[in-house]
Amino acid sequence: MSSEEEMSQTSSASSSSSNLSTSHFIGKKEDIVKAGRVTKLVNGCRDVLVVHHQGQLYAMDVHCYHSGGALQYGDIEEFNGRLCIVCPWHKYKITLAEGESLYQAVDDPTAKPLRTYWRSKGVKQRVHKVTEVNGDVYVTLNDSGEAIESDVYQTEKYRRASLKAKPKAKPKT
């Protein structure tokens with residue numbers, strides 16, 4: 001299998017049904033395509049964002065690894081040939097496929113003209129596997145034992161704090 005195939009976020013419909021036992025139903029593909037992105041609490045413990053962009057489905061933790069920003073409101077842009085979601089809070093760029101954080105680097109700040117290039121900080125956002133079977137979209141959580149920075153925002157304590165922080169709707173008069 002090529003590395004491109006391994007990185008593919010969308011599996012073919014020939015996935016075995018045994019894989020679906022650890023997968024979680026997100027919704028109908030047509031509804032996700034129409035919406036562009038959906039969020040869902042998966043397995044009662046993980047807030048996941050599923051994005052449809054340029055014919056592909058991607059899934060990652062919904063809260064940005066840096067400060068918990070709501071990635072579902074971020075723009076999708078290409079940086080150095082890589083699709084990224086841009087956190088609306090602090091403009092952090094996170095690759096959709098791998099969850100890497102990208103930044104512009106400069107080797108020599110005294111050189112004129114200044115030459116910048118995109119560099120990776122490494123994987124900071126947990127990404128999950130998306131599978132489509134007969135028009136249904138499933139997510140298999142990435143259960144890698146290795147801690148990833150976005151894990152910080154996947155706790156019940158964080159959920160309670162963020163719910164308290166949301167402004168309450170004013171009653172209509």
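How many disulfides does a search of the whole structure find? The search finds 0 disulfides. The model shown here is predicted. The legends below take up the whole chain, its cysteines, a sheet and several salt bridges.

**Figure 1. The whole chain has 3 helices and 12 strands.** The chain counts 173 residues, and buried residues make up 39% of them. About 10600 Å² of the chain is exposed. Carbon and sulfur atoms supply 50% of that area. Consider contacts between residues at least 6 apart in sequence: 48% of them join residues at least 24 apart.

**Figure 2. Cysteines C64 and C87 come without a bond.** For the sulfur of C64, the closest cysteine sulfur belongs to C87. The two sulfurs are 3.9 Å from each other, which is too far for a bond. A disulfide needs the sulfur atoms within 2.5 Å. C64 is buried, because its relative accessibility is 1%. C45 is partly exposed, with a relative accessible area of 35%. Across the whole structure, the disulfide count is 0.

**Figure 3. Five strands form an open sheet.** The order is β6-β7-β8-β9-β10, and the pairing is antiparallel. β6 (75-79) and β10 stand at the edges. Each edge strand has a single partner strand, so one side of each lacks a neighbour in the sheet. From one strand to the next, the twist averages 40°. In general, strands of a sheet pair through backbone hydrogen bonds.

**Figure 4. Strand β9 pairs with β10.** β9 covers residues 100-106. The two strands run antiparallel, and 7 bridges join them. V106 offers one place to look: its bridge partner in β10 is T116.

**Figure 5. A salt bridge joins E132 and K29.** Side chains of opposite charge can pair when their charged atoms come close. Here the N to O distance is 3.2 Å. E132 lies in strand β11 (residues 127-133), while K29 lies in helix α2 (residues 29-35). The pair therefore ties together parts that are 103 residues apart in sequence. Is K29 buried or partly exposed? K29 is partly exposed, with a relative accessible area of 25%.

**Figure 6. D151 and R46 meet in a salt bridge.** Their side chains come to 2.6 Å, N to O. The pair links distant parts of the chain, 105 residues apart. D151 sits in the loop between β12 (136-140) and α3 (156-165). R46 belongs to strand β4 (residues 46-53). R46 is buried, and its relative accessible area is 13%.

**Figure 7. K124 and E149 form a salt bridge between two loops.** The N to O distance is 2.6 Å. K124 lies in the loop between β10 (116-123) and β11. E149 lies in the loop between β12 and α3. The pair therefore ties together parts that are 25 residues apart in sequence. K124 counts as buried at 16% relative accessibility. E149, in contrast, is partly exposed, with a relative accessible area of 37%.

**Figure 8. Salt bridges that share partners build a network.** Which residues does the network join? The members are R46, D61, R126 and D151. R46 and D151 also appear as the salt-bridge pair of Figure 6. A search of the whole structure finds 9 salt bridges.

Notes:
Residues numbered from 1 in each chain as written. Predicted model: local features only at pLDDT ≥ 70, side-chain atom pairs only at ≥ 80, totals over all residues. Heavy atoms only, no water. Salt bridge = Lys/Arg side-chain N within 4 Å of Asp/Glu carboxyl O. Helix = DSSP H or I, 4+ residues; strand = E, 2+ residues; numbered from the N terminus. Buried < 20%, exposed > 50% of the residue type's maximum accessible area, 1.4 Å probe, protein only. Contact = heavy atoms within 4.5 Å. Areas by Shrake-Rupley, 256 points an atom, 1.4 Å probe, with all protein chains shown as cover. Pairing = 2+ DSSP bridges. Axes fitted to C-alpha atoms, helices over the stretch in contact; angles between N-to-C directions.
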